[in-house]
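Me: I should like to go through this model by asking what stands behind each term applied to it. Please set each value against the relevant criterion.

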Amino acid sequence: MHIETNISLKTLNTFGIDVKAKHFVSIHSVSDLQTLLRKKEYPKKLILGGGSNMLLTKDVDALVILIDIKGIEVIKETPKGVWVKVCAGENWHDFVLYTIDHDFGGLENLSLIPGNVGTAPIQNIGAYGVELKDTFRSCDAVHVETGKVKTFYKEDCDFGYRDSVFKSQLKGQYIITSVVFELSKEAHVLKTTYGAISSQLEQRQISNPSLKDVSEAVIAIRQSKLPDPKKIGNSGSFFKNPIISIAQLEKLRKSFEGMPSYPISDTEVKVPAGWLIEHAGFKGKTFGNYGVHKNQALVLVNYGGATGLEILGLARLIQNTISRLYGIDIEAEVNVI
């Protein structure tokens, strides 16, 4: 365990923002993490996973801890299902591909989501009708102050739309080190009706899809809409889809015909933030070396050399415009640091 100083984080965040960490360390085991947390000379700490859900706006005057704990193992198996424990430092998409290779069902719709496994429960990541909470069994996490390991079960996590207890009541208090998923081994329940999955399968003339077929359809859709962070700096969807009342939707549709929505309850609907942003004129708009992606209005991009403050300024401009035009507040999905 070697602590470095004045280290660039440019390659460790998917926006490619070039800021520096005052101190930096990469952690490869739970015991090393516990040892590190006992050190009193670094009172301020920032936990870093895959760097995919953050916007760095300044140099980090703290100890940046990269959680690089690796490992995947099956810990329980029945004729119908399997429990898989995966360490926090594993790449999320690589893990999804592992489950598909082993014919374990449940995560195929979450293919190609950037980031690592350890940060996935914090955000309750989701896509194409599936959320992490659907297969989540438990996670182990180290308490930042005491260094003690605690197991959080699904009912402890208060999962919501892109939300969990780790983003609210327990924010900054725990570091997730491993996650257990409960996946199917047979009679997989495939979700293919959300978004363009069914049309992708039709184009491929697939009427009885496998886990791999669904995964490949999702990958194709995401690749057609979302830029590769290795080529263009981005953090995927920057904003959450807002939830509004049905009454407000009906009022808005008098002025904005065709505004799409998805039912949430008897009184509320979810409105696609991408539609709002696109119809506000931001899709494909550039501001020097940053802007809004041409294929997906939810994605803010760094074409190279942009600062985090510039991208944050664009995000706030979009939020203010959406509020002014529609009377809807859209919330950032990424963590601004």
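The exchange below takes up a predicted model, with questions on burial, contacts and strand pairing.

Me: Why is R162 called buried?
Reply: The relative accessible area of R162 is 12%. Buried means under 20%, so R162 meets the criterion.

Me: What makes S237 partly exposed?
Reply: S237 has a relative accessible area of 26%. The term partly exposed applies between the buried limit of 20% and the exposed limit of 50%, so the label fits S237.

Me: Why are R162, S237 and E333 taken together?
Reply: UniProt lists R162, S237 and E333 under "active site", in an unreviewed entry. They span 172 residues in sequence, yet no two of their C-alpha atoms are more than 11.2 Å apart, so they gather at one spot.

Me: Where do R162 and S237 lie, and what do they touch?
Reply: R162 belongs to the loop between β11 and β12, whereas S237 is in the loop between β13 and β14. Leaving aside neighbours within four places in sequence, R162 is in contact with residues including E131, K167, K240 and E333. With residues up to four places away likewise not counted, S237 touches L298, V299, E333 and V334.

Me: What makes the approach of R162 to G126 a polar contact?
Reply: The side chain of R162 reaches the backbone oxygen of G126 at 2.9 Å. A polar contact requires N or O atoms within 3.5 Å, one able to donate a hydrogen and the other to accept it, so the distance satisfies the cut-off.

Me: How do you know that helix α2 is largely enclosed?
Reply: Of its 10 residues, 7 are buried, so α2 is largely enclosed by the rest of the structure. The buried residues are W92, H93, F95, V96, Y98, T99 and I100. Their cover includes β6, β7, α3, β12 and α5. At the N-terminal end, N91 caps α2, with a side-chain oxygen 3.1 Å from the backbone nitrogen of H93.

Me: Why are β6 and β11 described as edges?
Reply: The open sheet of 5 strands runs in the order β6-β7-β12-β10-β11, with antiparallel pairing. β6 and β11 each have a single partner strand, so one side of each is left without a neighbour in the sheet.

Me: What makes β10 and β12 a pair?
Reply: Pairing needs at least two bridges; β10 and β12 have 7, in the antiparallel sense, so they qualify. D140 stands opposite S178 in β12. Helix α1 packs on the sheet, touching β10, β11 and β12, and its direction makes about 40° with that of β10.

How values were computed
Residues are numbered from 1 along each chain as its sequence is written. This is a predicted model: local features need pLDDT of at least 70, side-chain atom pairs count only at pLDDT 80 or more; totals for chains, interfaces and linings use all residues. Side-chain values use heavy atoms; hydrogens and water are left out. Buried means under 20% relative accessible area, exposed over 50%, partly exposed in between (1.4 Å probe, protein chains only). Helices (H or I, at least four residues) and strands (E, at least two) are DSSP runs, numbered from the N terminus. Contact means heavy atoms within 4.5 Å. UniProt positions are given in the numbering used here, feature names are shortened, and annotations may be inferred rather than shown by experiment. Axes are lines fitted to C-alpha atoms, for helices over the stretch in contact, and angles run from 0 to 180 degrees between N-to-C directions.
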